[in-house]
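Student: Could you walk me through one part of this structure up close? I'd like to see how two packed helices are described.

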Amino acid sequence: MPVYDVERYLAACLASIVSQSYPFLELIVIDDGSSDGSLDIVEDFARRDRRIRVLEIPHGGNGRARNAGLQLATGKYITFADSDDIVAPDAYRVMITKLHTTSSQFVVGSSDRLAGRKRTRVRMMEKLHAVPRERIRLTDYPEILSDVFLWNKVFRRDFWDSAVATIPQDVLYEDQETTARAYVKATAFDVIPEVVYSWRIRQDATSITQGKHSIRDLKDRLDVVSSVTRLLLAECGPDVLMPWFTRVLGADLVPYFELVPHSDEDYWLTLRAGLSDIHASVQGLGAEFSDAVTRSLGPHEQVLGTLVARGARADFDDVLIHRSDNGPGFEVQVRGDRLLARLEYLEQLRMPHVEDLVECPAWALIPVSEVSALGWTNEGALLVSGHFYLLGLDSAEYPGVLRVQLVDTAGNCLDLKVERCNNPRIDTVSNDPYASHSAAAFTCTVDADHARRMGPVVAKLVVTLAVAQEVYEVRHVLRLPPRGPQSVAACSSPKRPVVTEVAFDEDHEGLSVCVSMPRSARAGGLGIAVALVTARNIVHPTSVDERAPDARTFNFSLERLGWGKKVAAPYPGAYTLRYVEGGGTIDQASLPVMIDEQRVPKLPLEREFPHAALTVFRVQSGACAVAIAPPLASGERGKFNQRQLRLEYAAKRAPVALTDVVLFESFGGKSCTDSPRALSDVLHDKHPEAPIYWSIADYSVEYPAYASPVLRGSREWFTLLRSSRTLVNNNNFPLYFRKFEGQRYIQTWHGTPLKKLARDAPTRYLSASYRRTIEREAQMWDVLLAQNVFASQVLPEAFGYTGRVLTTGYPRNDALLHPGRESRAKRVRQALGIAQGRTVVLYAPTWRDDARNGARGHSLVTHLDFVQAGRMLGPDHVFLIRGHHNVTPSSSAWAGANVIDVSLYPEINDLILVSDLLVTDYSSISFDYCVTDKPIFFLVPDLGQYRDETRGFYLDWEVVAPGPLCKDTAELCKAIQERDNRSGGEAYARFKDCFAPMDDGGASERVLKAIWPSGEEIFAAGP
């Protein structure tokens, strides 16, 4: 096991190895010149476990380190591990037992992925390992070449030495050539379905395999492809080469394709040259083989490969942006026995394409199927409902031949009578924008004779769909509902709480959940507390009713108090019902409440209320979950229906009859704040007759009482987006937005920029899709607001905007100078639960482009040590942590005695007013906060990295910043303690004079007068 600077993950990896159920191990750990505390961790383990040997070598990469370890190894078997991953508890016992049984030369186990604490299945590995195989050769199963990893295999040492030997050094992806040699040379190897290894996907993107943006990574990948290709050409025939080239030109190279818009010309030329070499190898095997390889690729991959080969980079970028905007799916059509993909971007390419439709290999169609038991008939038959569809293929236009079979206890397949039907709900949950699947529903009956041949608890069903001479299959294990009257006594004393009843409250927009309590919770009268929990939010019941000594009904209402104000619904999301006994605190770590399927059999349960749509369902673990979603109509929910609405919106070519509506939006509908809110308020104050609408993402968003809310994505929203005379936004609208004739678009933006934006930002982290969207949308703006002269010069250049710029101060800052600001701050302090006399520190770091979480969102990066800060500054200081709006929020990640997470608090101005000082880094908040004349401090340990690599600055922050730049928490706290005596007044004054000279409380009225001088222009066209 090579080790290099992995102290964060190393202990978990070592623990997973030393705790293996197979004890006869020799663990050779090679410290590859680590500069962190990795070696100390290894030596600590070695002191406690004599099976561990430690070797220290200068840093030279994984290949060199593994070869050094191999020279020391004395075991009969060889296996490998990466020092940031996790080995499954029984991995080596399972694999070595298999080798003892089969006498094969090596064994290949399956793997999954680990992101944070979450393990996810890998579809490719599941497919490769679905069927156990013993004593096979590569020619028996050439697809296994796609399993290129060293760490999920155990080799016999004698085979390794004779057939594999040395691992390539000084190159990335060294395991791919190594495993290829093993596959080619082996006369017998095994493939098993057990997951033996978890490959960690680091959330900080620091692992070797997450560096595909570098030219070195690309060159090494191409070198490895070249060496493996030479090996296979020398040793194997077309049956092996076909899946190899299919993988290389598809799964291997597509991740590099996707980085081209973020890369320089050298990267593009290197990719072209490498692809040219691969194509030459393919074509050298004959035209028929070459055509077969092309047809085996996915439709997008076929087009991308052609564009690279022809050097059509502009078209190549367009295709990648389309994939980023619309996902990797596509519409599928059937022509005779052929499956064809319709790629809507083909007609927009500069390079002519021969055909409008592209060959689609059968594997590219992904089958989706679900079945559920509806219950038993009086005659003892089981009623089953379900659906089966292929992504991209319209289920009504191409129904195919559907077959459902029951697998009885003897393994026999028995055909069931199937009736196909329509279920519009499928289109709301199918996750397929390109095809309707409402016609994919079916029902079938397992008659009484067949039912007697099922097991007592589950039924095994096989569902197949035949289309264009291809047959797609999904196997199900269906949990059977209880037969006859259920025995309540049998379930009356559960070992943990279970949900026994769910009911919706039509009058109060909510639901009630009856929970049967375990005996431990009833003892002593302690009881249990439950709540609905997500990573973002916690919803507590509004009341609890005692149904019986061993049962409680917990009542949840959608309407609730949020930060002291009533909101109509909680934040949307999939909530898990969790509990604690004895009055503890509920959070994400609390245990889930299970559902008693016998008492609540007909799941999911759905109900649409005016302010939210609720779905109660059972997750795979058996826990009760509740999905809370915006109350879109059935024809508006789901990717398919949303795409239809977008196509309808974009297809409008005739002149649109505009209305006098002013449509406001802020941060994609996630709030009704910022400068759009300030303009909305003053517009209503001056012209109460003006029809004002606010775009909201859901009803957890607080909107002005005088305005009409409209749900983003609803048919009404699309209509208003097309017909409102005036649009006001502080960010971009969705990528499909276009301005219609006569519309006026006012862009307020959301801050004076310190960090580089849009066209000025480094291309590595900024989405090419976003860059193109904002540049296109900037051409539609009629007015751009700027807080100051500096912003009026920087923003237009960054966005490619050449229109009118209003430099009048920022409307959003008017509230910071409003005469009622002190009483407002007092109300906010009470809502946050902050006692009088405590010093409030607002900590508002910006987002980092390179800090992403497993959900592909941005993680909150905080350099402030709250424990140390609390200790140094004392208990009279309370910290408000405010994440950037681009950061994925968390419900309680930073909660503590002196810390309040206010990332979800809707109005930043409230937090500015309630705070006594600001700690930030590179956020634009400093340009607003200086209006208050309150102290500002900067915690910037990554100043050089952020300025020189991650984003870049428009200003010399070390010269311009209106407060001290601190490298760590200790230095920050010292600066805060000495703030009354520090000399920074002149710098602060210069900063305020330069960047906030017009922020005097009247910016909103000035903007209103500049755009609508007489007020009559609100109801007339023209900017």
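Tutor: Sure, let's look at one pair of helices.
This is a predicted model, where local features need pLDDT of at least 70 and side-chain atom pairs count only at pLDDT 80 or more, while totals for chains, interfaces and linings use all residues. Residues are numbered from 1 along each chain as its sequence is written, and side-chain values use heavy atoms, with hydrogens and water left out.

Two packed helices are described by the angle between their axes and the distance between the axes. Our pair is helix α1, residues 7-18, and helix α2, residues 38-48. (Helices are DSSP runs of H or I, at least four residues, numbered from the N terminus.) The axes of α1 and α2 come within 9 Å and cross at roughly 20 degrees. Each axis is a line fitted to C-alpha atoms over the stretch in contact, and angles run from 0 to 180 degrees between N-to-C directions. That makes α1 roughly parallel to α2, a label for angles under 35 degrees. As for handedness, α1 and α2 cross in a right-handed way: the near helix is turned clockwise from the far one by less than a right angle.

Now, who touches whom? On α1, the contact is made by Glu-7, Leu-10, Ala-11, Leu-14, Ala-15 and Val-18; α2 brings Ser-38, Ile-41, Val-42 and Phe-45. Contact here means heavy atoms within 4.5 Å. Sorted by class, the contact has eight nonpolar, one polar and one charged residues. Ala, Val, Leu, Ile, Met, Phe, Trp, Tyr, Cys and Pro count as nonpolar, Asp, Glu, Lys and Arg as charged, and the others, Gly among them, as polar.

Key. Helix = DSSP H or I, 4+ residues; strand = E, 2+ residues; numbered from the N terminus. Parallel < 35°, antiparallel > 145°, perpendicular 65-115°, else oblique.
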